[in-house]
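Let's take a walk through a protein model together. Have the 3D view open while you read, and turn it around as we go.

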Amino acid sequence: MRPLILLLLAAACQPAPDPSLGSGGPPPPAAQPADACAHDASWTEPQEPFRIYGNTWHVGPRGLGVFLITAPTGHVLIDGGVPGGAPMIEANLRTLDINPRDVKWILVSHAHCDHAGDVAALAAITGAEVIAGMEDVELLAGGGMDDPQYADRFPFAPVIGARGVTDGEILQLGELTVTTHASPGHTRGNTTWAWTSCEDERCLQLVDVGSLSSPDYTLVNNPKHPTLIADYEASFAKVAALRCDLALAPHPGMVDFWGRMARRDQGEADALLDPTLCRGYAESARENFRAELARQQGEGGER
Ligand SMILES: [Zn+2]
């Protein structure tokens with residue numbers, strides 16, 4: 001077992017692990033509280049909610065992409081932060097004068113505790129229907145247990161009764177349309193969500209890019225995810241080819257979100273717009289994946 005096991009989750013979606021974690025392994029699941037997930041301080045760091053573009057808002061903590069898409073016909077929330085993260089998200093909604101009961105859907109990027117950790121609580125607060133990639137519905141219902149990579153290491157409150165959706169499915173909620181782009185690999189139901197937001201006459205395609213990282217994953221001969229390699233490769237190609245005017249992500253560092261925001265705050269009005277970011281992220285994730293795959297195949301004598 002490698003010494004970085006405690007960093008697995010932090011590394012799952014962000015390349016830079018939290019250096020404060022030390023090298024000890026995590027306690028066994030039975031002794032592990034739900035807040036085992038929240039070991040990256042930015043995942044619970046308060047952040048004033050703000051408009052990203054048009055009807056799309058940032059409503060999560062500083063270090064996680066939790067987004068709100070608004071419409072008079074009902075709102076859509078994407079992701080729910082870490083276990084215990086719901087009150088901050090709810091407070092941010094109220095700051096924006098959003099009645100949580102007007103949130104009709106909660107979309108999930110993937111069923112790991114840093115994104116689905118408090119979806120169950122948010123579903124209870126809002127009464128919203130939870131929607132996720134079909135292959136993550138079971139992982140949500142199991143509260144992250146029996147994960148193909150993490151096993152029972154990072155539990156969260158089970159999300160019961162999520163609606164599973166498949167690649168290409170177009171979801172319509174009143175005036176809102178969100179397109180499902182299945183991007184399996186990181187989890188089997190990992191999903192990239194895309195929608196259109198407009199300001200005045202200018203409409204942009206916003207994309208919440210699903211995580212494509214695979215740090216410390218078992219890539220070869222994983223009986224719990226036998227299609228892993230083909231899944232990742234298809235997802236890299238798909239995300240790279242998406243129309244992606246304004247890239248968002250479950251972890252802001254995936255698409256340099258705060259760097260772009262800093263430029264916008266300094267007066268560069270369109271700093272968030274960069275149609276190369278989805279492709280750039282997918283290509284760099286693919287490079288990392290293939291290097292690690294070659295290493296693991298070499299270790300197994302399969303090369
Ligand atoms: Zn993850």
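## A look at helix 6 and two sheets

We'll begin at helix 6, where the buried residues are covered by neighbours that include strand 10 (191–199) and helix 8 (277–299). Keep in mind that this is a predicted model.

**Helix 6 up close**

Helix 6 covers residues 228–241, which makes 14 residues. At 1.5 Å a residue it should span 20 Å, and its end C-alpha atoms are indeed 20 Å apart, so the two values agree.

Which residues of helix 6 are buried? They are Leu228, Asp231, Tyr232, Ser235, Phe236 and Val239. If you look down the axis of helix 6, these buried residues fall within an arc of 135°, so they line one face of the helix. There's a handy rule behind this kind of pattern: an α-helix has 3.6 residues a turn, so residues three or four places apart point the same way. Now flip to the face turned away from the buried side of helix 6, and you'll find the exposed residues Ala230, Ala237 and Ala241.

**The first sheet on our tour**

Next up is an open sheet of 7 strands, in the order 1-2-3-4-5-6-7, with mixed pairing. At its edges sit strand 1 (50–53) and strand 7 (163–165), each pairing on one side only. From one strand to the next, the twist averages 30°.

A quick reminder: strands of a sheet pair through backbone hydrogen bonds, either parallel or antiparallel. You can find both senses here. Strand 3 and strand 4 run antiparallel, while strand 5 and strand 6 pair in the parallel sense. Strand 6 also runs parallel to strand 7.

Strand 6 is mostly covered, with 4 of its 5 residues buried. Helix 4 (residues 119–126) lies across strand 4, strand 5 (103–107) and strand 6 (129–133), and runs at about 170° to strand 5.

**The other sheet**

This one is also open: 5 strands in the order 8-9-10-11-12, again with mixed pairing. Its edge strands are strand 8 (170–173) and strand 12 (246–248), and each of them pairs on one side only. Ignoring direction, neighbouring strands in this sheet are turned by 25° against each other on average. Strand 10, which we met as part of the cover of helix 6, runs antiparallel to strand 11 (residues 202–208).

Here are some strand pairs from the two sheets, with their bridges:

| Strand pair | Sense | Bridges |
|---|---|---|
| Strand 3 and strand 4 | antiparallel | 3 bridges |
| Strand 5 and strand 6 | parallel | 3 bridges |
| Strand 6 and strand 7 | parallel | 3 bridges |
| Strand 10 and strand 11 | antiparallel | 7 bridges |

Want some residues to click on? Isoleucine 69 stands opposite valine 76 in strand 4, and leucine 107 stands opposite isoleucine 131 in strand 6. Alanine 132 stands opposite glycine 164 in strand 7. Over in the other sheet, tryptophan 195 stands opposite leucine 206 in strand 11.

**A stop in a loop**

Where is aspartate 274 found? Look in the loop between helix 7 (257–265) and helix 8. Aspartate 274 has 16 other C-beta atoms within 10 Å, so it counts as partly exposed; a buried residue would need 20 or more. Aspartate 245 is 29 residues away along the chain, yet its C-alpha atom is separated from that of aspartate 274 by 5.9 Å.

**Zooming out**

The whole protein comes to 8 helices and 12 strands. Of its 303 residues, 49% count as buried. Among contacts between residues at least 6 apart in sequence, 65% join residues at least 24 apart.

Technical notes. Residues numbered from 1 in each chain as written. Predicted model: local features only at pLDDT ≥ 70, side-chain atom pairs only at ≥ 80, totals over all residues. Expected span 1.5 Å × (residues − 1). Buried ≥ 20, exposed ≤ 12 C-beta atoms within 10 Å, placed from the backbone. Arc of directions from axis to C-beta. Contact = placed C-beta atoms within 7 Å. Pairing = 2+ DSSP bridges. Axes fitted to C-alpha atoms, helices over the stretch in contact; angles between N-to-C directions.
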